[in-house]
Amino acid sequence: MDIQKIIGDVVAKLTSNPDLIKSFLANPVELLEKTFGIDLPDEQINQVIEGVKGKIDLGNIDIGQAAGVLGKLKGLFGK
């Protein structure tokens, strides 16, 4: 299983939907399993979660800020 591809796919979908970001922050394992059909061992699912968090860097910002920042980033790249 290509963890980097999974991370890229999840990041792409999360950045296009602020509601998914909220769900990811609330319960990332459940979101990955139900929304993306990802059923991996704990070690690999944790790699995906950490990779996604690193790519979208939601560390200390709230959901409104995250959605705004992600929207601006998308605008920069014309997507």
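**Exercise 1. Work out which pattern of elements the protein chain follows along the sequence.**

Solution. Read from one end to the other, this predicted model shows the pattern α-α-α-α-α. Counting the elements gives five helices and zero strands. Next, look at burial: of the 79 residues in the protein chain, 29% are buried. Finally, turn to the contacts with a separation of 6 or more: residues 24 or more positions apart account for 61% of them.

**Exercise 2. Find the largest nonpolar core and say which elements give two or more residues to it.**

Solution. Start with the core itself, which has 18 residues. Those with the most contacts inside it are Val10, Leu14, Leu32, Ile38, Leu40, Val48 and Val52. Now assign the core to elements: α1 (3-15), α2 (18-26), α3 (28-36) and α4 (42-56) each give two or more residues. The largest share, six residues, comes from α1.

As a last step, pick Val10 and list its partners. Setting aside residues up to four places away in sequence, Val10 touches Leu32, Phe36, Ile38 and Val52.

**Exercise 3. Check the length of α1, then decide where its buried residues lie around the axis.**

Solution. First the length. α1 has 13 residues, and at 1.5 Å a residue they should span 18 Å. The end C-alpha atoms of α1 are 18 Å apart, so the expected span and the model agree.

Next, collect the buried residues of α1: Ile3, Ile6, Ile7, Val10, Val11 and Leu14. Looking down the axis, you find them within an arc of 130°, so they line one face of the helix. The spacing rule helps here: an α-helix has 3.6 residues a turn, so residues three or four places apart point the same way. To finish, ask what covers these buried residues; the cover includes α2, α3 and α4.

**Exercise 4. Follow Leu14 from its helix to its contacts.**

Solution. Leu14 has its place in helix α1. With a relative accessible area of 0%, it falls under the 20% cut-off and therefore counts as buried. Beyond residues up to four places away in sequence, Leu14 touches Leu20, Ile21, Phe24, Leu31, Val52 and Ile56. Take Val52 from that list: Leu14 and Val52 are 38 residues apart in sequence, with 9.2 Å between their C-alpha atoms.

**Exercise 5. Describe the two sides of α2 and place Phe24.**

Solution. Begin with the buried residues of α2, which are Leu20, Ile21 and Phe24. Their arc around the axis is only 105°, which puts them on the same side of α2. The face turned away from that buried side carries the exposed residues Asp19 and Ala26.

Now zoom in on Phe24, which lies in helix α2. Its relative accessible area is 1%, so Phe24 is buried. Leaving aside neighbours within four places in sequence, Phe24 is in contact with Leu14, Leu31, Ile49, Val52 and Lys53. For Lys53, add the backbone view: the C-alpha atoms of Phe24 and Lys53 are separated by 9.4 Å, while the two residues are 29 residues apart along the chain.

**Exercise 6. Repeat the length check for α4 and sort its residues by face.**

Solution. The 15 residues of α4 should span 21 Å at 1.5 Å a residue, and the end C-alpha atoms are 21 Å apart, so the check agrees. In α4, the buried residues are Ile45, Val48, Ile49, Gly51, Val52 and Ile56. They fall within an arc of 165° seen down the axis, so they line one face of the helix. On the face turned away from the buried side you will find the exposed residues Asp42, Glu43, Glu50 and Gly54.

**Exercise 7. Decide whether Glu33 is buried, exposed or partly exposed, and name its contacts.**

Solution. Locate Glu33 in helix α3. Its relative accessible area is 38%, so Glu33 is partly exposed. Without neighbours within four places in sequence, Glu33 is in contact with Ile38 and Asp39.

**Exercise 8. Search for aromatic pairs, then find what sits over the ring of Phe36.**

Solution. Searching the whole structure gives zero aromatic pairs. The ring of Phe36 does have a charge over it: the charged end of Lys13, 5.6 Å from the ring centre.

Technical notes. Residues numbered from 1 in each chain as written. Predicted model: local features only at pLDDT ≥ 70, side-chain atom pairs only at ≥ 80, totals over all residues. Heavy atoms only, no water. Core = buried A, V, L, I, M, F, W, Y, C linked by side-chain atoms within 4.5 Å. Buried < 20%, exposed > 50% of the residue type's maximum accessible area, 1.4 Å probe, protein only. Helix = DSSP H or I, 4+ residues; strand = E, 2+ residues; numbered from the N terminus. Contact = heavy atoms within 4.5 Å. Phe/Tyr/Trp six-rings, centres within 6.5 Å; stacked < 30°, edge-to-face > 60°. Lys NZ or Arg CZ within 6 Å of the ring centre and 35° of its normal. Expected span 1.5 Å × (residues − 1). Arc of directions from axis to C-beta.
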